[in-house]
Amino acid sequence: MIIKILGNGCSKCKTLERRLLALRDKYSLPFELQKVTDLDEIVNYGVMMTPGLVLDGALKSVGTVPNDNQLLSWIKETSA
Amino acid sequence: MKEWVKFLILVAVFLLFYFAPAGGPGVVAALAAGLALLQEYARLHVLTCLVPAFFIAGSIAVYVRKDAVLKLLGPTAKKIIAYPVATISGGILAVCSCTILPLFTGIYKRGAGIGPAAAFLFTGPAINVTAILLTGSVLGWDFAVGRLVAAMVISIVAGLFLAFVFREHDRKNSNGDFVAGMSSDLPYSTTTIALFLLLQLGVLVVFGLAIEPGLKRALVALLIGAVLAIVLVKFQKEHTVEWIHETWDLTKKILPYLFVGVFVAGTIEVIIPQAFITRLVGENTLLSNAVASTFGAFMYFATLTEVPIIQKLMALGMGRGPALTLFLTGNALSLPSMIVLFKVMGKKQASAYILSIMVLSVFAGMIFGELL
């Protein structure tokens, strides 16, 4: 699975990245994390409030850092 | 930053320290003035204005739903709605200047087009809560309101002008998703959130009132108590944590730069000769407003630092008109932001935007200087 974080370096983007990496370590989740910083590409997802979170091409959240349970359930859904 | 740039900066700082006339009367006076202004801000503005303002901005970031506002700036939005919404939405959407650019790019390339996007881009930094509240607290509310109204009027005029000049451009880009995936699942009523915001604003207002200290303390305590009651009774812990996080984040991002800016502003009162400022921007003429406009356009002011700088320039004799002009361009434009604009909008559009803002700000300053 590929998880993308859309964001041009805002602090919430970094928090989201940290959370995801921590979850990956804790539960040894098999995903690859990519960061999208190009504004045009971010806007192409229809995202204007960063961070945007994209799991295998599907946009999951915008403008917030979802909590760990929410992140885990999305990851499970997408990998199922 | 490239390594050689860092090296050059270090060398410059070293040379400055090496040759600075450390014991000279000018230097001592400048440092003392910087410190004095810092003390003024620390005593008068930090606790009573900035801290509540940061909390309010944090609440807006967490509790105010943005998807509804953004939808009004979409590709199908009517012009008559899109422009006013674009000018005021900066206050809700762009709590921090770092969030403006993605929003601007989105509105420009996917949404209502260049006019509303430009209007949003211009008012975004000027209309944010912390900036208005600090301006009012330091320079008076006529300035805060003048700044607000001028920014809104200019943004609409500039936006309409750009939309007219580049009407070809706007026809190309109205496909694709706009505002995807915004969650709107806050389980609180609008009334609760409005009350929550108003109570916090109340704290700030009461701090500013000239009433008996005992009464003031009681009122502030009452309002803070009410805010806390809402937090404890109504809000889920998760959102409260996010609120505190947002507030702290903003504080971290703004306050250190503001302190540096305040210190610098204090020193310029001693360093820059009064006659120089009076001659250059003392009168409310076309020329002095143009000087203020150009200076503001290129100079970079970190968020809120324009307030102490303009405060001190006015103490040196800068007229009210040029001061407002400097507020308008100083906030919205800077050399770094121009470079980004050229990249996002293209040369022609960016130059037209920058020039129209600079010219309109001159007129706004002149009118403000004449009337108030």
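Visitor: How many bridges join strand β3 of chain A to β4(A)?

Guide: Let's start with the general idea: strands of a sheet pair through backbone hydrogen bonds, either parallel or antiparallel. In this predicted model, β3(A), residues 52-55, is joined to β4(A) by four bridges, and the two strands run antiparallel.

Visitor: Which residues could I click on to follow that pairing?

Guide: Try Gly52(A), whose bridge partner in β4(A) is Val62(A). Then go to Val54(A), which stands opposite Leu59(A) in β4(A).

Visitor: What happens between β3(A) and β4(A), where the chain turns?

Guide: These strands form a hairpin with two residues between them. Look there for Asp56(A), which takes a positive phi near 45 degrees.

Visitor: What is the strand order in the whole sheet of chain A?

Guide: The order is β2-β1-β3-β4, in an open sheet of four strands with mixed pairing. At the edges are β2(A), residues 32-36, and β4(A), residues 58-62, each of which pairs on one side only. From one strand to the next, the twist averages 20 degrees.

Visitor: And how does β1(A) run relative to β3(A), parallel or antiparallel?

Guide: Antiparallel, with four bridges joining β1(A) to β3(A). A handy pair to display is Ile3(A) and Leu55(A) of β3(A), which stand opposite each other. As you look along a strand, keep a general rule in mind: in a regular strand the side chains alternate between the two faces of the sheet.

Visitor: Which helix lies across these strands?

Guide: That is α1 of chain A, residues 11-27, which lies across β1(A), β2(A) and β3(A). Helix α1(A) runs at about 160 degrees to β1(A), whose residues are 2-6.

Visitor: Let's move to chain B. How do I read the packing of helices α12(B) and α15(B)?

Guide: Begin with the axes. Those of α12(B), residues 237-271, and α15(B), residues 306-315, come within 8 Å and cross at roughly 10 degrees. Angles under 35 degrees count as roughly parallel, so α12(B) and α15(B) are roughly parallel to each other.

Visitor: Which residues make the contact?

Guide: From α12(B), they include Gly261(B), Val262(B), Ala265(B) and Ile268(B). From α15(B), Pro308(B), Ile309(B) and Lys312(B) are among them. The residues of this contact divide into six nonpolar, three polar and two charged.

Visitor: What confidence values go with chain B and with the model?

Guide: As a general caution, where pLDDT is low, the predicted coordinates should not be read in detail. Chain B has a mean pLDDT of 88, and 94% of its residues reach 70 or more. The model scores ipTM 0.80 and pTM 0.83.

How values were computed. Residues are numbered from 1 along each chain as its sequence is written. Chains are lettered from A and ligands numbered from 1 in the order in which they are written. This is a predicted model: local features need pLDDT of at least 70, side-chain atom pairs count only at pLDDT 80 or more; totals for chains, interfaces and linings use all residues. Axes are lines fitted to C-alpha atoms, for helices over the stretch in contact, and angles run from 0 to 180 degrees between N-to-C directions. Angles under 35 degrees count as roughly parallel, over 145 as roughly antiparallel, 65 to 115 as roughly perpendicular and the rest as oblique. Two residues are in contact if their C-beta atoms, placed from the backbone, lie within 7 Å. Ala, Val, Leu, Ile, Met, Phe, Trp, Tyr, Cys and Pro count as nonpolar, Asp, Glu, Lys and Arg as charged, and the others, Gly among them, as polar. Two strands pair if DSSP finds at least two bridges between them. pLDDT is the predictor's confidence in each residue, from 0 to 100.
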